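Trainee: Could you take me through one part of this model in detail? I would like to follow a single strand and see what surrounds it.

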Amino acid sequence: MPDRVVATEEALALIEWLKDKHGPLMFHQSGGCCDGSSPMCYEDGDLIIGNQDILLGHIGGMPFYMMKSQFEYWKHTQLIIDVVDGRGGMFSLEGVEGKRFLTRSRAFTDGEYKELTSYKKPSKE
């Protein structure tokens with residue numbers, strides 16, 4: 001099954017560096033406002049995850065969340081987290097390092113999307 005979120009080698013290297021500096025991390029795909037629509041990186045637990053957030057997957061072993069309402073717009077795409085030079089979101093950990101995470105995307109193929117939407121989690125019974 002395809003992953004809903006993946007990261008480039010450059011992004012994974014920055015995640016490792018930030019993890020060594022700050023400890024466990026978490027990501028949330030910003031929906032706009034102050035920081036545009038950037039993937040935001042926080043120390044694990046610094047952002048309260050609510051019942052309107054969903055876990056899309058993990059990058060570099062760190063959880064990656066998005067609001068349910070925003071997911072409705074992105075559900076047909078795989079998020080590809082990359083890193084570029086420049087200042088990113090003012091609340092994201094990489095911002096002071098002269099780097100910023102950037103979300104790229106690609107549409108799932110029809111087969112991939114069917115696989116994602118037809119998957120049923122095993123019952124606990």
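Mentor: Happy to! Let's start with a pairing: Met-26 stands opposite Tyr-42 in β3. Keep in mind throughout that this is a predicted model. The strand β3 covers residues 39-43, and 5 bridges join β2 to it in an antiparallel arrangement. β2 also pairs with β5, this time in the parallel sense and over 2 bridges. In that pairing, Phe-27 is the residue that stands opposite Phe-64 of β5.

Now look at how β2 is covered. Of its 5 residues, 5 are buried. Leu-25, Phe-27 and Gln-29 point one way from the strand, while Met-26 and His-28 point the other way, and all of them are buried.

Phe-27 deserves a longer look, so let's turn to the aromatic rings. A pair of such rings is described by the distance of the centres and the angle of the planes. The count here comes to 2 aromatic pairs. For Phe-27 and Phe-64, the ring centres are 6.0 Å apart and the planes meet at 15°, so this pair is stacked. Because Phe-27 lies in β2 (residues 25-29) and Phe-64 in β5 (residues 62-67), the pair ties together parts that are 37 residues apart in sequence. Both Phe-27 and Phe-64 are buried.

The other partner of Phe-27 is Phe-101, and this pair is edge-to-face, with 5.3 Å from centre to centre and 80° between the planes. Here the link joins distant parts of the chain, since Phe-27 sits in strand β2 and Phe-101 in strand β7, 74 residues apart. Phe-101 is buried, as is Phe-27. Taken together, the ring pairs link Phe-27, Phe-64 and Phe-101 into a cluster.

Following Phe-101 into β7 brings us to another sheet. This one is open, has 3 strands in the order β1-β6-β7, and its pairing is mixed. Its edge strands are β1 (5-7) and β7 (99-107), each of which pairs on one side only. On average, and ignoring direction, neighbouring strands of this sheet are turned by 30° against each other. β1 and β6 (residues 77-85) run parallel and are joined by 3 bridges. Within that pairing, Ala-7 has Ile-81 of β6 as its bridge partner. Helix α1, residues 9-22, packs on the sheet and touches β1, β6 and β7, and its direction makes about 70° with that of β6.

Technical notes. Residues are numbered from 1 along each chain as its sequence is written. This is a predicted model: local features need pLDDT of at least 70, side-chain atom pairs count only at pLDDT 80 or more; totals for chains, interfaces and linings use all residues. Side-chain values use heavy atoms; hydrogens and water are left out. Two strands pair if DSSP finds at least two bridges between them. Helices (H or I, at least four residues) and strands (E, at least two) are DSSP runs, numbered from the N terminus. Axes are lines fitted to C-alpha atoms, for helices over the stretch in contact, and angles run from 0 to 180 degrees between N-to-C directions. Contact means heavy atoms within 4.5 Å. Rings of Phe, Tyr and Trp (its six-membered ring) pair if their centres lie within 6.5 Å; planes under 30 degrees apart count as stacked, over 60 as edge-to-face and the rest as tilted. Buried means under 20% relative accessible area, exposed over 50%, partly exposed in between (1.4 Å probe, protein chains only).
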